[in-house]
Amino acid sequence: MAERGVLRVAAALAISCLGGVACGETDEERDAAAVAERFQVAIGRDDGRAACGELSATAKSTLERQEKAPCEEAILRLDLPRGATAAKSRVYLRSGSVDLVGGGVTFLNEGPAGWKISAAGCTRGEPGRPYDCELEG
């Protein structure tokens with residue numbers, strides 16, 4: 001009888017994990033994924049101001065310098081995924097990456113203001129080569 005109860009709990013955990021709940025993801029990984037998704041939503045709504053709010057200071061200044069325009073305008077000119085959700089996030093001390101559903105990777109760094117995007121619209125290049133990113137800083 002007790003064995004049947006254990007099986008029910010295991011089944012319930014497996015089902016909740018399929019829904020994205022309690023799947024072993026750390027708080028840091030969830031926080032990084034949330035930043036990447038907020039950025040994606042902002043880009044999808046053509047909300048340059050909100051998208052730039054998710055960028056690191058370095059990424060923002062690099063973008064403005066390269067595009068010779070304020071971040072709010074420049075960010076919307078880039079060929080970035082729009083509205084994608086996080087598929088998998090990884091955190092390594094104060095750096096992280098978020099793989100997006102449909103492809104692409106977003107890189108983040110954690111600082112005093114929390115997680116900020118340092119590169120976006122990244123795709124894997126040839127083996128042994130760095131990622132190719134639409135936005136990096």
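Two strands count as paired if DSSP finds at least two bridges between them, and in this predicted model strand E3 (residues 105-111) and strand E4 run antiparallel, joined by six bridges. One of the residue pairs involved is Gly111, whose bridge partner in E4 is Gly114.

**The sheet and helix H2**

These two strands belong to an open sheet of five strands in the order E1-E2-E3-E4-E5, with antiparallel pairing. Its edge strands are E1 (86-92) and E5, each of which pairs on one side only. On average, and with direction ignored, neighbouring strands of the sheet are turned by 25° against each other. Helix H2 (residues 27-44) packs on the sheet, where it touches E1, E2 (95-100), E3, E4 and E5, and the direction of H2 makes about 60° with that of E4.

**Helix H4**

In helix H4 (residues 57-67), the buried residues are Ala59, Thr62 and Leu63. Seen down the axis of H4, these buried residues fall within an arc of 100°, so they line one face of the helix. Such an arrangement can be read against the general geometry: an α-helix has 3.6 residues a turn, so residues three or four places apart point the same way. Ala57 and Arg65, on the other side of H4, are exposed. The buried residues of H4 pack against helix H5 (71-77), strand E4 (114-123) and strand E5 (132-136). After H4 comes Lys68, which has a positive phi, near 50°.

**Two residues in detail**

Ser118 lies in strand E4, while Leu76 is found in helix H5. Ser118 counts as buried because its relative accessibility is 10%, under the 20% limit for that class. Leu76, with a relative accessible area of 26%, is partly exposed. The table sets out their places and contacts, leaving aside residues up to four places away in sequence.

| Residue | Element | Relative accessible area | Residues touched |
|---|---|---|---|
| Ser118 | strand E4 | 10% | Ser56, Ala59, Phe107, Leu108, Asn109, Leu135, Glu136 and Gly137 |
| Leu76 | helix H5 | 26% | Ile43, Asp46, Asp47, Gly48 and Arg82 |

Among the contacts of Ser118 is Ala59, one of the buried residues of H4. Leu76 touches Ile43, among other residues, and Leu76 and Arg45, although 31 residues apart in sequence, are 9.9 Å apart in space from C-alpha to C-alpha.

Key
Residues numbered from 1 in each chain as written. Predicted model: local features only at pLDDT ≥ 70, side-chain atom pairs only at ≥ 80, totals over all residues. Heavy atoms only, no water. Buried < 20%, exposed > 50% of the residue type's maximum accessible area, 1.4 Å probe, protein only. Helix = DSSP H or I, 4+ residues; strand = E, 2+ residues; numbered from the N terminus. Arc of directions from axis to C-beta. Contact = heavy atoms within 4.5 Å. Axes fitted to C-alpha atoms, helices over the stretch in contact; angles between N-to-C directions.
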